[in-house]
Structures are given as C-alpha cells and as structure tokens.
Amino acid sequence: MRRTVFLVVLLGLVLSCKRAPSDSFRSESLLTQWEFSRDSAVWQPVTVPHDWAIEGPFDRDNDLQLVAVTQNFETEVTAHTGRTGGLPYMGKGWYRTRFDVDGYVSGRDAVTLLFDGAMSQARVRVNGSPVIEWPYGYNAFHADVTAYLHPDGKDNLLEVSLENLPHSSRWYPGAGLYRNVHLIRTHADHIPVWGTCVTTPEVSEEEASVELRIDVAGGPGRETALRIRTRLIDPSGNVVAVSDSPVSDRVLQTFRVMRPSLWSPESPALYRAETQIYDGDDDKTVLDTYVTRFGIRSIALVPDEGFYLNGKLRKIQGVCNHHDLGPLGAAVNKAALRHQLALLKEMGCDAIRTSHNMPAPELVELCDEMGFMMMVEAFDEWDIAKCENGYHLYFNEWAERDMVNMIRHFRNNPSVIMWGIGNEVPTQCADEGYKVAAFLQDICHREDPTRLVTAGMDRADCVVRNGFAQLLDVVGFNYRTHKYQEAYDLLPQKLLLGSETASTVSSRGVYKLPAEFRSGAKYADNQSSAYENEYCWWSNIPDIDFAMMDDYPWTIGQFVWTGFDYLGEPTPYDVDAWPSHSSYFGIFDLASLPKDRYWLYRSQWRKDSPTLHLLPHWTWPGRKGERIPVFCFTSYPCAELFVNGMSQGVKRFEKNLPANSGVTDAANSAATMARYRLCWPDVVYEPGKIEVVAYDESGREAAREAVCTAGAPARITLSADRRTLDADGLDLAYVTVRIEDADGNLCPTASDEVTFSVEGAGTFRAAANGDATCLVPFQSACMPAFCGQLTAIVQAGDKPGTAVLTASAPGLESETMKIKIK
C-alpha cells in the first residue's frame, strides 16, 4: 500500500539579519581594527574572521591524546597523534575592538551584536560589563547590548575572551573569532534576529501558498499603532504579492504565488520577502526593514519508494564536510567555500552534510544560491563523552538553547532539507538513549514542524532493537551497508539514508602495488593507495554504496565521507604515526586537488555530462616488464585500452551482477567494482603512452584520453579557477601548480620546492600540496610539490589593479600569472 509519511515544504533565509539600506538603520560586519592576544598583555592587529592556530607550528605534542577510543572498540590507551591536526588550538585568547554606532539615539534605537561562531567558551563584554556567554564554538548567538553602550553610541569597547580545552575535539576545530561578528542597529520597534519564519503549506507548478510569521520586538511604552507590510519579490525582481497588517508581538501574513519558480539543485530559484514596519498610517516613516530570502519547494518521503523533491523521485548525492578550509584553517571565507562547492557541483554532488556541527551562514547562503540540499547537523556528542572535554560537559544545560539557535538561524533556507541531531553518539546504545533522541527531535518539531530529523547511527544492532532508530523521522546509517536490509525489514520507516558512507582512504597520485583491496592498509611512507581500493575496518569502497543506491529503491541517497580532506583525524595513520596530521578520506585533497575518486563519483553522478578518466600515471622507473593494473572511470558503456598503440582488449561494465548486500570483503568488493570500474589488471609496463578509447551504445568512438611517460621536470605551469577577483580584501584565486616535462606531461613523482611571490594589487595567502605528512606551514611562500602538483592561493587587495603571481623552482622554467582585481 502506498502511503506518504511526511511532506516537508519550503522555508526561507535571513541574510545575517540585514535590513535594507537606509539612512537610519544598518547592519555591518566588524572585520577590521581588532586586536588579539594570547596573554591579554601583548596585542597584535588582526582581521576577523581569524583562526589563531592555523599558523602553527605543527607539532606531535599539540593536543596529543593518550586515549582508548571506545567508539573504535579500542581497549588499550595509545598515542593518537595528529588527531586535531597537530596545531596549537588549545588555550586562551582575547580579542578587542572599539566601535561607533553611527546615528545612534539613546531611547529610540536598539543595538544587537551577532556572533556567527566563536571557538570556544565565549565571554563577551561591552564597556567592561558582561553581556553574554556561549560555550559551544560552532553555534551562532546574539545579545542586545543597548543598555551597555555609551549614551552617544561612540567609542564602545567590545572584548571577547575564548578558551579551548585540550582533548575537546576529534578533529581540528580552529580557534578564535573564526566566523563573522555583526553589529545591528534598529529602531526600538523592530524585527529581532532570526525573527521571521517562512513556510509554504501548498506547492505545485501552478501555484504556491506562502505563510510568513514575524516576531516584533517593541520599544518600552509603545505609544502609536504600527503597521507591517511585506512584499514578495520573485527571482526576476518582480513584486508578486503584498500583505499589510497591524503590528502585534507576532504577525502572520499569507500570500499566493502563481506559477512559482521552484527551488531545486538544478534550478535554485530564490524569492525575497521585504518586510517593513511603519509608524501608523505614515507610509514615509519606516521604523525597520527586514529582508528574508527564501525558496519554494516541496519534499516527500514515501515508504518503499524513496525521496521526492518537487514531486520528482531522486537519490541524494551528497558529501560530508568538516568546517575547516584546509590551508586557510577554520576562518570562514566565502570565496573559499564557493570554490569548494563549485568543484563538488562539477562532480555531480547535490547535497552537503555539515559534519558534525552548525555551519557558517555563508555556506548555507551559497548552498541556497548554487543548488545544494543540506543536512544541518548539531552535535558529535550528547550526554556521554567521546572526548574528555567534549560537549557532554555542556549538554544538559545548553543542548536546547543550541538547538533553538541552530533551527531559527537556518529554518528559512530552502537548501536545508533535514536536521541532524547527532553523529555516532555513544548515547545511541544507552538503555534510555532513545529518550535523549526524542528530546532533541521534539525541539526540532516544535521549532520547525516542516522538516524531518535524522541522526548518523553507527551501532546498527543496538539502535534497531532498543527503540532509538524507530523514533527518528529518517533512519540514518553511518556505513554498515551489510545491515541495511535488516534495518529495512525491522524498522517502520521503510526508508534508509546513508548518512555517512565510504570512508575510502587514498593519497592523490600515490599508487601502491599490488593493487589489492585492503582494510586498514599502512605503508612506511604514511600514504594510502590512489587506486581507491583501500578503506577502514568499518567502511568500504565507493562501489558498494553505488550498488546499494542502485539496487534498493528504499535507500534515499548518501553523504560520502568526505568531500574534502580536512585537518586532523589522519586514519589509518592515527596511532603513533606522526607526521600524518590531516585526513585521507577526501575526494579532494587538502589542496583542493581531485583524487582519482573524483572521476569515479562523477561517472555515476553526472548524468548530463560524460566522464572518461584513466589511471594510474605511466612513469614507473625500474619496472619495465612488470604488470601494472590500469583502471578507467567512465560513464560510457565500454572502453578499449592501448599501450603504445597495441590493444589490450575491450572492457564492459558487468551491470547484471547481483547486489552483494554491502559485504566488504575483497571478493565481494572486486565483484561489485566490475559494475562501476573498467580494469585491465595485467598490463605489462613499457614506457610510452597508454590510451583509452570509449565507445557509445552503438559501438562508435565517443572519447579518448591518454597518459604518457614523463621525462625530467622542466617547467612550472599555472592555472587558476578565476582570473578576475573583487577588490574587497577577501576574494581568492586558487592556482593549480604543475611540474611538467618539456612536452607538457605531468611529472608524477616531482617534489621540487616551489617559491611564490605576489606583487601588485593582491597578496600571497597560503599554499598546500595535499600531502598529509607535510609539516611546512601553509603560510610559507616555499612549498614542495606532492606528486607533481600543489596549490597557491592569492588574495585580492581592497583596491583595483593587477596581482602578479610568480612561481619558481631551481632548475625549472618559472611561470607568471596576472590576476585582475576590480
């Protein structure tokens, strides 16, 4: 029997609580003129967002965790090196700045400070008076500071103290005021921070109903009647509906939108609700203006069938990402986030899980604009500890407040399709763990009845039987693909989400022989094989997840661990294995360069654009006559391999193989791999050229790709993701640096040290090479290549002009690139 359990409908977004521009009311980000100190005695100027730890230095003893990780079933204490990146994030830090509230009138205006996140245990003072405290470093919080300002609004002192305890995280959390701080001035009668809520109870291609709930904060002794007017503006800038209401503490306005533009990853259409508070019948006196950006879309989950967006069945093709930005650390930068999302979009990714915490609002805004669905996640830890000084210390007192802030912050974003209340929490197997889950899910339903709730569960046996999984709106399994069928059979939801999948490990460009399927493989060089055939004891290769999604309609999609490598958690080199200090899980490495796995996912996820990729490299000194496996990741049905013009045979996908229930032993992995990879396992190595020719369904040549044996390194080449930047002092260009031979072939083992310089209207921001063992600071202008490549990041200045990047290395032809700043 077909039955729809849940229907979730759109919401909208408040952009940093920005009022429309006016002479009287404004919101601004406090970026410059901050001072920072580690001892409250010696101060240095900084720009916020700021991560005090990313400059290092890397050190084995930084947050060295001597612990038995019970989550991994460890029973003996071992030295977990690099778990939080080997960076000095622990300890105290102080920030201060002075600010003016321009145009402030005491008794008429209200002033709010909004922090998008502060790592961690924030204590905020204004003009010496305590204002607010917030321990959780990932959440946004705000405070009315009107009563603490100087009467004229001038020369106010803002001070923020922070403290990060050791052993408080399982990955690099960052440190400091790593997200934006906003100063908001309004009339005393105003719409407060996160004070609107948009829903669309009815959605179709013909029309949609829109409901807007508006909270109004009133000044003392409100003497005149106020009115509130909202205009709905469509993606083309046209006013499509208007509502006018008298003001009360909470106002409900309703609208009809004919032939709405529906939000989806393929067409991320965005509307705006522009709400103004007027002084009585005077249309010229606007007391407050508040802009809520939103989208119109519907979501349905149908048991046994799957996930529907706007009435169309689809699988979620998502990735998990931690919040750090690799060489930039945790300090949020919108250009860096946009760069990551653009790379994921090209791969065919359509969803992001914010692992395992509240995201920066800039990420959510970009997902709205670029078309990514989101699972916004709250916690990695509840009331039972994972880390000695983790969130369990604050859960009982703060969990509800943290959940409320998260939901009100992001409940209007069309990209957000579900809330994640926890990741692999030990509470899942406690006798009354289901009560804690119910407590958190009830908060979600109370604050936002339009979205569903899930949790990433990794203890399949206990959660299926103890009531924990049964009560969740969406069953989310982290790995455990061999338990999917049992969970489907026993649980009432009759749907399952791969809330965390794969955990394949690899190092870009490092191909280990023999190319075997191995769990927990380790090597003397602390690298993992780029053949994409190694994984952890709890996980599997990507092909297993592809099969589970393809073969079972009740699987609604997956979030791959991870989109990008991140600082910390260097599994499998996580126990006494320094200098490894960043992850190997990413589809992209820490330098934002794609591993071969990128093309494997692209071949399955991009239905609108063909994929053809050949691996490995073909430069194997001393191995002539040995057998080198060759793989092809492609969306074409078959392909033929040539070595120096000699055919090695045509390979076709074995699409008719049955599902293997997700068992991750080598035999089943190999069988499933034949459905998604073409492989020539016994190619005899001869220097020269390997070439793959792909054929379409009719047997006609559709595409070809070649890889040649490289000669000696001869030159540096540069290519940028963007050649024109905004002169805002924040915009970034990511420049890929390649070491090539005289014929333009990548030198796949080159490790030349490259020196960078930037002149003109930009600056050198950072460099990274993707090597999880490299201890060179990211801010160093000299960085060795890793497997022939690395990335340099150029930051725009705040004045128009041209930035000139030069990359050089001894014995190589240098390269210069011009980037326009305007």
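Biologist: Let's kick off with phenylalanine 141: buried or exposed?
Modeller: Keep in mind that this is a predicted model. The cut-off for burial is under 20% relative accessible area. Phenylalanine 141 comes out at 0% relative accessibility, so it counts as buried.

Biologist: How do the planes of tryptophan 134 and phenylalanine 141 sit, and what kind of pair is that?
Modeller: The rule gives 35 aromatic pairs. In the one made by tryptophan 134 and phenylalanine 141, the ring centres are 5.7 Å apart and the planes are at 0°. Planes under 30 degrees apart are the criterion here, so the tryptophan 134 and phenylalanine 141 pair is stacked.

Biologist: And what about tyrosine 391 with phenylalanine 395, what sort of pair is that?
Modeller: Tyrosine 391 and phenylalanine 395 are both buried. Their ring centres lie 6.3 Å apart, with planes at 85°. That angle is over the 60 degrees cut-off, so the tyrosine 391 and phenylalanine 395 pair is edge-to-face.

Biologist: Which residues form an aromatic cluster with Tyr391 and Phe395?
Modeller: Tyr391 and Phe395 belong to one aromatic cluster. Their partners in that cluster are Tyr136, Tyr138, Phe379, Trp382, Tyr394 and Phe468.

Biologist: On to the sulfurs. Which cysteines form a disulfide?
Modeller: The count comes to 1 disulfide. The two sulfur atoms in question are 1.9 Å apart, which fits within the 2.5 Å cut-off. The pair is cysteine 429 and cysteine 462.

Biologist: What is the handedness of the disulfide between cysteine 429 and cysteine 462?
Modeller: Look at the torsion about the S-S bond, which is about -60°. With that value, the disulfide of cysteine 429 and cysteine 462 is left-handed.

Biologist: How many residues apart are cysteine 429 and cysteine 462?
Modeller: The disulfide ties together distant parts of the chain. Cysteine 429 is in the loop between β28 and α4, while cysteine 462 is in helix α5. Along the chain, they are 33 residues apart.

Biologist: Why is cysteine 747 not bonded to cysteine 787?
Modeller: Cysteine 747 is buried, with a relative accessible area of 3%. The closest cysteine sulfur to that of cysteine 747 is in cysteine 787. That is too far for a bond, since the separation is 12 Å.

Biologist: How many residues of α9 are buried?
Modeller: The buried residues of α9 include Arg597, Tyr598 and Trp605. They pack against elements including α1, α8 and β36. Helix α9 is largely enclosed by the rest of the structure because the buried count is 8 of the 9 residues.

Biologist: Pockets next. Which residues lie nearest the centre of the largest pocket?
Modeller: The largest pocket holds about 1200 Å³ of space. Its lining has 15 nonpolar, 13 polar and 15 charged residues. Of the 43 residues lining the largest pocket, those nearest its centre are Val48, Pro49, Val332, Asn333 and Leu730.

Biologist: Which residues are closest to the centre of the second largest pocket?
Modeller: The second largest pocket has a volume of about 850 Å³. Among the 39 residues lining the second largest pocket, the closest to its centre are Trp599, His613, Arg738, Leu746 and Gln789.

Biologist: How many charged residues are in the lining of the second largest pocket?
Modeller: Elements that each supply at least two residues of this lining include α9, β44 and β48. By class, the lining of the second largest pocket has 20 nonpolar and 12 polar residues, and the number of charged ones is 7.

Note on methods. Residues numbered from 1 in each chain as written. Predicted model: local features only at pLDDT ≥ 70, side-chain atom pairs only at ≥ 80, totals over all residues. Heavy atoms only, no water. 1 Å grid on protein atoms, 1.4 Å probe; cavity = no way out; pocket = protein on both sides within 12 Å on 5 of 7 lines; lining within 4 Å. Points joined across faces, edges and corners; volume = space filled by probe spheres on them. Nonpolar A, V, L, I, M, F, W, Y, C, P; charged D, E, K, R; others polar. Helix = DSSP H or I, 4+ residues; strand = E, 2+ residues; numbered from the N terminus. Buried < 20%, exposed > 50% of the residue type's maximum accessible area, 1.4 Å probe, protein only. Contact = heavy atoms within 4.5 Å. Phe/Tyr/Trp six-rings, centres within 6.5 Å; stacked < 30°, edge-to-face > 60°.
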